[in-house]
Amino acid sequence: MRKLDQIDIDILETLQKEGRLTNVALARQVGLSATPCLERVKSLEAEGIIAGYSAHLSAPRLGLGLTAFIEVLLERTSEETFGKFRAAVLNIPEIQECHMVAGGFDYLLKVRVADMAAYRTFLGEVLGKVPGIRETHSYAVMEEIKDSSAISLGHLRS
């Protein structure tokens, strides 16, 4: 990765807060004219530093009021088992995040569903059919304190 300068960092921080800014408004906020600002944004996109743009939706307002985290322990830790698990998880829309972790279990999932009844159905009829799972442990979220996809850029400042 190339070294990002202060303007690149300002562009990234601004777009994380307000991804719908026009190029002219973004340029004004970071102290550039429109053309050089657009060139920088396109460069950051081409390098994969800006991976995409999206809208942050309210899960509760869309009827998905229950968030749960699930520890998954696989029957065996083989590349074949990992591959089958990955392929299955990618096709389950209720799973928002899936992370392979080191420690006492193999994967950590973040799941959003309507309520506890829907969660019970999800466990039995969806996750229960994923090949290779030996054991799961569930943690229902009682209160969401922070929900952010923003990446801290403080370590990039000189």
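Which residue stands opposite Leu 73 in β4? It's Glu 135. Let me use that pair as a way into the sheet, and keep in mind throughout that this is a predicted model.

So, the sheet. We have an open sheet of 4 strands, in the order β2-β3-β1-β4, and the pairing is antiparallel. β2, residues 95-100, and β4, residues 133-140, sit at the edges with a single partner strand each, so one side of each has no neighbour in the sheet. Going from one strand to the next, the twist averages 20°. As a general reminder, strands of a sheet pair through backbone hydrogen bonds, either parallel or antiparallel.

Let's walk through the pairings, beginning with β1, which covers residues 66-74 and is joined to β4 by 7 bridges, antiparallel. Besides the Leu 73 and Glu 135 pair I opened with, you can find Glu 71 standing opposite His 137 in β4. On to β3: β1 pairs with β3 over 7 bridges, in the antiparallel sense. If you want to find that register on screen, Ala 68 has Val 111 in β3 as its bridge partner, and Thr 67 has Arg 112.

Then there's β2 with β3, antiparallel again, joined by 5 bridges. His 99 is the residue to click on here, standing opposite Leu 108 in β3. The hairpin of β2 and β3 has 6 residues between the strands, and within the hairpin Gly 103 takes a positive phi near 140°.

How covered are these strands? For β1, 8 of its 9 residues are buried, so to speak mostly covered. For β3, 6 of the 7 residues are buried, so that strand is largely enclosed by the rest of the structure.

Now the helices that go with the sheet. Helix α4, residues 79-90, packs on it and touches β1, β2, β3 and β4, with a direction at about 165° to that of β2. Helix α5, residues 116-126, also packs on the sheet, touching β1, β2, β3 and β4, and its direction makes about 20° with that of β1.

One residue in α4 I'd like to show you is Thr 81. Is Thr 81 buried or exposed? Its relative accessible area is 11%, and the cut-off for buried is under 20%, so Thr 81 counts as buried. Leaving out neighbours within four places in sequence, Thr 81 is in contact with Leu 74, Arg 76 and Gly 132.

Let's move to the helices earlier in the chain. Helix α2 is residues 23-30, and its buried residues are Ala 25, Leu 26, Ala 27 and Val 30. What do those buried residues pack against? They pack against α1, residues 6-17, and α3, residues 34-46. On helices in general, there are 3.6 residues a turn, so residues three or four places apart point the same way.

Right after α2 comes Gly 31, with a positive phi near 80°. Gly 31 is in the loop between α2 and α3, and with a relative accessible area of 61% it is exposed. For a sense of where that is, Gly 31 and Ile 11 are 20 residues apart in sequence, and 9.9 Å apart in space, C-alpha to C-alpha.

Last topic, the pocket. The largest pocket has a volume of about 1200 Å³. It has 44 lining residues, and the ones nearest its centre are Gln 16, Ser 54, His 56, Ser 149 and Ala 150. By class, the lining comes out as 21 nonpolar, 14 polar and 9 charged residues. Which elements each supply at least two residues of that lining? They are α1, β1, β2 and β3, and α1 gives the most, with 4 residues.

Let me finish on Gln 16, which is found in helix α1. Gln 16 is partly exposed, at a relative accessible area of 37%. Not counting residues up to four places away in sequence, Gln 16 touches Ser 149, Ala 150, Ile 151 and Leu 153. Two of those names should ring a bell, since Ser 149 and Ala 150 are among the residues nearest the centre of the largest pocket. And for a distance across the model, Gln 16 and Phe 69 are 53 residues apart in sequence and 25 Å apart in space, C-alpha to C-alpha.

Technical notes
Residues are numbered from 1 along each chain as its sequence is written. This is a predicted model: local features need pLDDT of at least 70, side-chain atom pairs count only at pLDDT 80 or more; totals for chains, interfaces and linings use all residues. Side-chain values use heavy atoms; hydrogens and water are left out. Buried means under 20% relative accessible area, exposed over 50%, partly exposed in between (1.4 Å probe, protein chains only). Contact means heavy atoms within 4.5 Å. Two strands pair if DSSP finds at least two bridges between them. Axes are lines fitted to C-alpha atoms, for helices over the stretch in contact, and angles run from 0 to 180 degrees between N-to-C directions. On a 1 Å grid over the protein atoms alone, a cavity is a set of points where a 1.4 Å probe fits but cannot get out, and a pocket is an open set with protein on both sides within 12 Å along at least five of seven lines; lining residues have an atom within 4 Å of a point. Grid points are joined across faces, edges and corners, and a volume is the space filled by probe spheres set on the points. Ala, Val, Leu, Ile, Met, Phe, Trp, Tyr, Cys and Pro count as nonpolar, Asp, Glu, Lys and Arg as charged, and the others, Gly among them, as polar.
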